[in-house]
Amino acid sequence: MAKIKFGMMMTDASGKLGGQVFSKNRGGSYVRTKSTPVNPQSVAQMGVRGLFASISSRWSTLTQAQRDSFLGFVGDYAKTDIFGDLRNPSGKNLFQKLNQNALLSGQPALNVCVAPLAVPFANVQSALGSVAGTSFDVLTEGVTTGSKLVFWATPSLSQGTKFVKNKLRQVSVAVGNAGVATDIYADYVAKFGLPAVGANIFVGVRVINTNGQASPLEVVKATISA
């Protein structure tokens, strides 16, 4: 669905409308013809979709008091939209978002919403892989006690590729300690196969607390040595 912002005349638009897509880049706003990408329906994709569907259906099983707890906090969880306007989520959307974060980070499902807390940054310092050492250490300096670190990574990309947001895939979850590296080697290999020396790989890290709140994704380029 396209999002359109009106002033005296239409001033901005984003999303799909009919056969057109409204978007913007560094050069400004533009419109392109909508294309339908190939849907590989991988095991991972189907698993995530199943999780999202189960969370959505669970909303109707909550008691009214439980639903009211999410409805009562929608203003506290307001987000700025693409136009810079502050928007409140619906109670169900808030329930879905917090539960998706909690379950994807291996934490218990949430039936009651509580006031938001400040979420620490992972403060990623480096991502160093060693083929011979069979290690892939991601060093974080953020104090994330009581939260989970969720790691994303890309497969080996062509040299020069820098825009990687749509290439990142979740590979690992861990309890992080400030100044202690987390080794994601086994999980990376299980997802993408063995990394090559000098491969163009990026790693992203996000902190998710017990409320299901997530920090912004921090992305660094990995160094893969022999």
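This is a transcript of a short presentation on one predicted protein model.

Good morning. The structure before you is a predicted model, and I shall describe it in stages, beginning with the chain as a whole.

The chain has 226 residues, and buried residues make up 35% of them. Its secondary structure comes to 4 helices and 14 strands. How much of the contact in the chain comes from residues 24 or more positions apart? If we take the contacts with a separation of 6 or more, such residues account for 57% of them.

Let me turn to the aromatic rings. A search of the whole structure finds 5 aromatic pairs. One of them joins Trp59 and Phe70, whose ring centres are 6.2 Å apart. The planes of these two rings stand at 75 degrees, and an angle over 60 counts as edge-to-face, so this pair is edge-to-face. Where do the two partners sit in the chain? Trp59 belongs to the loop between α1, residues 43-58, and α2, residues 64-71, while Phe70 is in helix α2 itself. The two are 11 residues apart, and the pair links distant parts of the chain.

Phe70 has a further partner. With Phe95 it forms another edge-to-face pair, with 5.2 Å from centre to centre and 85 degrees between the planes. Here helix α2, which holds Phe70, is linked to helix α3, which holds Phe95, across 25 residues of chain. Ring pairs thus link Trp59, Phe70 and Phe95 into a cluster.

Are the members of this cluster buried or exposed? A residue counts as buried if its relative accessible area is under 20%. Trp59 has a value of 13%, so Trp59 is buried. Phe70 has a value of 0% and is therefore buried. Phe95, also at 0%, is buried as well.

One more aromatic residue deserves mention. Arg206 lies over the face of Trp152, at 5.4 Å from the ring centre.

I now come to empty space in the model. Rolling a probe the size of a water molecule over the atoms shows where empty space is left. The second largest pocket holds about 610 Å³ of space. It is lined by 25 residues, and those closest to its centre are Tyr77, Ala78, Lys79, Thr80 and Lys97. Which elements give two or more residues to this lining? They are β1, residues 3-6, β5, residues 79-80, and α3, residues 91-104. The largest share, 5 residues, comes from α3. By class, the lining consists of 11 nonpolar, 7 polar and 7 charged residues.

Next, I shall look at two residues in strands. Val219 lies in strand β13, which covers residues 218-221. Its relative accessible area is 39%, which lies between the limits of 20% and 50%, so Val219 is partly exposed. Leaving out residues up to four places away in sequence, Val219 touches Val164, Leu168, Phe202, Val203 and Gly204. Val219 and Val124 are 95 residues apart along the chain, yet their C-alpha atoms are separated by 7.9 Å.

Ser135 is found in strand β8, residues 135-140. With a relative accessible area of 16%, which falls under the 20% limit, Ser135 is buried. Its contacts, apart from neighbours within four places in sequence, are Leu128, Gly129, Ser130, Asp183 and Tyr185.

Finally, I would draw your attention to the backbone at two loop residues. Which value does phi take at Asn123? It is near 55 degrees, a positive value in a residue other than glycine. Asn123 is placed in the loop between α3 and β7, the latter being residues 124-130. At 36% relative accessibility, Asn123 counts as partly exposed.

Thr134 is the second such residue: although it is not a glycine, its phi is positive, at about 45 degrees. Thr134 is found in the loop between β7 and β8. Its relative accessibility is 44%, and Thr134 therefore counts as partly exposed.

To close, I would ask you to find two features in the structure: the cluster of Trp59, Phe70 and Phe95 formed by ring pairs, and the second largest pocket, to whose lining α3 gives the largest share. Thank you for your attention.

Key: Residues numbered from 1 in each chain as written. Predicted model: local features only at pLDDT ≥ 70, side-chain atom pairs only at ≥ 80, totals over all residues. Heavy atoms only, no water. 1 Å grid on protein atoms, 1.4 Å probe; cavity = no way out; pocket = protein on both sides within 12 Å on 5 of 7 lines; lining within 4 Å. Points joined across faces, edges and corners; volume = space filled by probe spheres on them. Nonpolar A, V, L, I, M, F, W, Y, C, P; charged D, E, K, R; others polar. Buried < 20%, exposed > 50% of the residue type's maximum accessible area, 1.4 Å probe, protein only. Contact = heavy atoms within 4.5 Å. Phe/Tyr/Trp six-rings, centres within 6.5 Å; stacked < 30°, edge-to-face > 60°. Lys NZ or Arg CZ within 6 Å of the ring centre and 35° of its normal.
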